[in-house]
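This is a walk through a protein model, taken one region at a time. Please keep the sequence and the structure open while reading.

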Amino acid sequence: MNRHCLRLLARNGVPGGSIQLKPWRARFAFSSCCMHSSSRQMATSASSCNMDWSDSSDFDIKASVLIATASLFFASTLSDGSTKCESRKTADRPTPSSVGKEDFESVFVYSDVDKLPVYTMDEVSFNDGTNGRSIWMTYGGIVYDVTDFIANHPGGSEKIIMAAGSAIEPFWHTYRQHFASDLPMRLMEHMAIGRLDPADQDKIDEQMAVLQEDDPYAREPARHKALKIHSDTPMNAETPTRLLTKSYLTPTSLFYIRHHHPVPFLSEKDIHDYRLKIDLAALGKGVRSFSLDDIRKMEKVEVVATLQCSGNRRSGFNSFQRTSGTPWGQGAISTAKFGGVRLRDLLKLAGLDDPIAAQEKQGIEHVRFHGMDGMMASIGIEKASNPYGDVIVCYEMNGELLPRDHGFPLRIIVPGYAAVRSVKWLEKIEVSPTEADGPWQRGLNYKTLPPCITDAKNIDLRQMPSMTEASLFSGITTMKRVDDNAPQPGDRVTVRANGWAWAGGGRNIVRVDVTGDDGKTWATAKLKQGKEQRFGRAWAWVFWECDVPAVVSESGTVSLASKAVDMAFNVQPEKSDHTWNVRGLGNNSWYRAQTRVA
């Protein structure tokens, strides 16, 4: 176990025996102390933390030690054996970047809980941000002043403000991504200002006990065991590198998964009664509803498209400076053949006869998509109505019924755009003069701030566009020596590399270059599957292969790097430091990989 936790246990007189923890506290405490990346990994890693689970199959219910003290009370013994109690100044505004720079060995010097003032829930509720008041929240019996953090909340200020003046346990019961890393804890450590009256915390615990009886994740779909899971509630999993280019169309079961919420479950009756609403009220034409049968009777089209999470390769940014969000490798990208109906055809059937006139005469600029899970995003009407834009309302994936994990019964597919615009579990499409509301369109979530900005409090996000058309990317998936010589450090060997490349906006990949000596020399890859896509409508990736001369290092490895070039002759930048952003979006620097050859 983390030695800070052990010190806390000894300091608080807690023996190593078993103790019951509230499940929501157990999740957070264990993720904080043992620093693992998902609840599934936490459970399987318990032995490495020397934790004795009385029931290893029920991680959420039981924990063997009182590690909650570490994550909730924020006190610690110093390295010299002494103790120190000091109030953390609320003026120290925490951001994901700033806490990422902290030395974890010195993080645990915080207010002794017994020294903090006690507040009632009425006092907390008063501080809800209205009329210029501060914004307080509680968690696990601790009161936090989050006023200065609101703008930097990775999920967007709209989400966190929902808990203003209240307890966050009910929200985290659904938004369990907070338990997937140490970041929430390390941010909160700087914001603790007091204790919640125990009587009020008891009421919260009673409320949570009722919520626990109805687990929103109880009906999640089964997933392929090969997926690399970052968090399982909600599910965020990437396609393993070794399988990424095994087939041009990613098998549906191996297609990466990016969820913000539990997967909606529809009964047979729900499916029978399902209606997709097309809202043209902004044009004075009201709302039309379409059943699944109505939609399937329309002309079917198929589009082969690559979808990529905007945070793909975020882990590469983190090696430079910490960001917030899932630390994806290169596997948050996949390709499928999607079947459905053209969005423009459906809009026309609903009454949008002339999108150009609707834009120029009636001010319609956006088409909004609403998901059953509360997700909202939008695209410009130009893309939505473009006959060559290939935006579809999708009900099939790789020739089969759209799976629940990927949007059943319907989802939007917006080829060439960041995948967040391809809203799943679609329930309404709406034309509007303005873009979609909510954190996924207007908040910090999908806005790329400049590298110099680590604190969004004084940034007017309304002036910054949200991510739409994707940039230019490539990756290396396999490497193998071609010759049979026994190389020595400094020798040159030939390595056969395979990988993928993709550009947003339908821009064709025209070249992929690969280097084995850090850019001194380059080899041009042979483009393979995907190279014959229509000009300007290349919605899917290209596979490539390249024999690369590479220099053997002292450790017997070679290092390769790939960079793609698209039809506009954009080229990937060498490094990620000048494209770094606090949300870790759009890392498209050279893709680097190593393999042992000697």
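The model is a predicted one. A convenient place to start is the pair formed by strand S11 (residues 276–279) and S12, which are antiparallel and joined by four bridges. One contact to pick out is that of Asp-279, whose bridge partner in S12 is Val-287.

This pair belongs to an open sheet of five strands with mixed pairing, in the order S12-S11-S20-S15-S16. At its edges are strand S12 (287–290) and strand S16 (376–380), each of which pairs on one side only. From one strand to the next, the twist averages 20°.

What lies across this sheet? Helix H15 (residues 343–350) lies across S11, S12, strand S15 (366–371) and strand S20 (426–432). Relative to S12, H15 runs at about 125°.

Earlier in the sequence, another set of strands can be followed from strand S5 (residues 142–145). S5 is joined to strand S4 (residues 136–139) by four bridges, and the two run antiparallel. Within this pairing, Trp-136 has Asp-145 of S5 as its bridge partner. The hairpin of S4 and S5 has two residues between the strands, and Gly-140 takes a positive phi near 60° there.

S5 is also joined to strand S7 (residues 192–196), here by three bridges and again in an antiparallel arrangement. In this pairing Ile-142 stands opposite Arg-195 of S7. Are the residues on the two faces of S5 buried or exposed? Both faces are covered: Ile-142 and Tyr-144 are buried on one side, and Val-143 and Asp-145 are buried on the other.

The last region is the largest pocket, which holds about 1,100 Å³ of space. Its lining is made up of 44 residues, and those closest to its centre are His-153, Pro-154, Gln-177, His-178 and Pro-184.

Which elements supply the lining of the largest pocket with at least two residues each? They are helix H7 (157–160), helix H8 (169–174), helix H9 (183–188), strand S8 (228–232) and helix H14 (314–318). H9 gives the largest share, at four residues. By class, the lining of the largest pocket has 20 nonpolar residues, 18 polar residues and six charged residues.

Terms used: Residues are numbered from 1 along each chain as its sequence is written. This is a predicted model: local features need pLDDT of at least 70, side-chain atom pairs count only at pLDDT 80 or more; totals for chains, interfaces and linings use all residues. Side-chain values use heavy atoms; hydrogens and water are left out. Two strands pair if DSSP finds at least two bridges between them. Axes are lines fitted to C-alpha atoms, for helices over the stretch in contact, and angles run from 0 to 180 degrees between N-to-C directions. Contact means heavy atoms within 4.5 Å. On a 1 Å grid over the protein atoms alone, a cavity is a set of points where a 1.4 Å probe fits but cannot get out, and a pocket is an open set with protein on both sides within 12 Å along at least five of seven lines; lining residues have an atom within 4 Å of a point. Grid points are joined across faces, edges and corners, and a volume is the space filled by probe spheres set on the points. Ala, Val, Leu, Ile, Met, Phe, Trp, Tyr, Cys and Pro count as nonpolar, Asp, Glu, Lys and Arg as charged, and the others, Gly among them, as polar. Buried means under 20% relative accessible area, exposed over 50%, partly exposed in between (1.4 Å probe, protein chains only).
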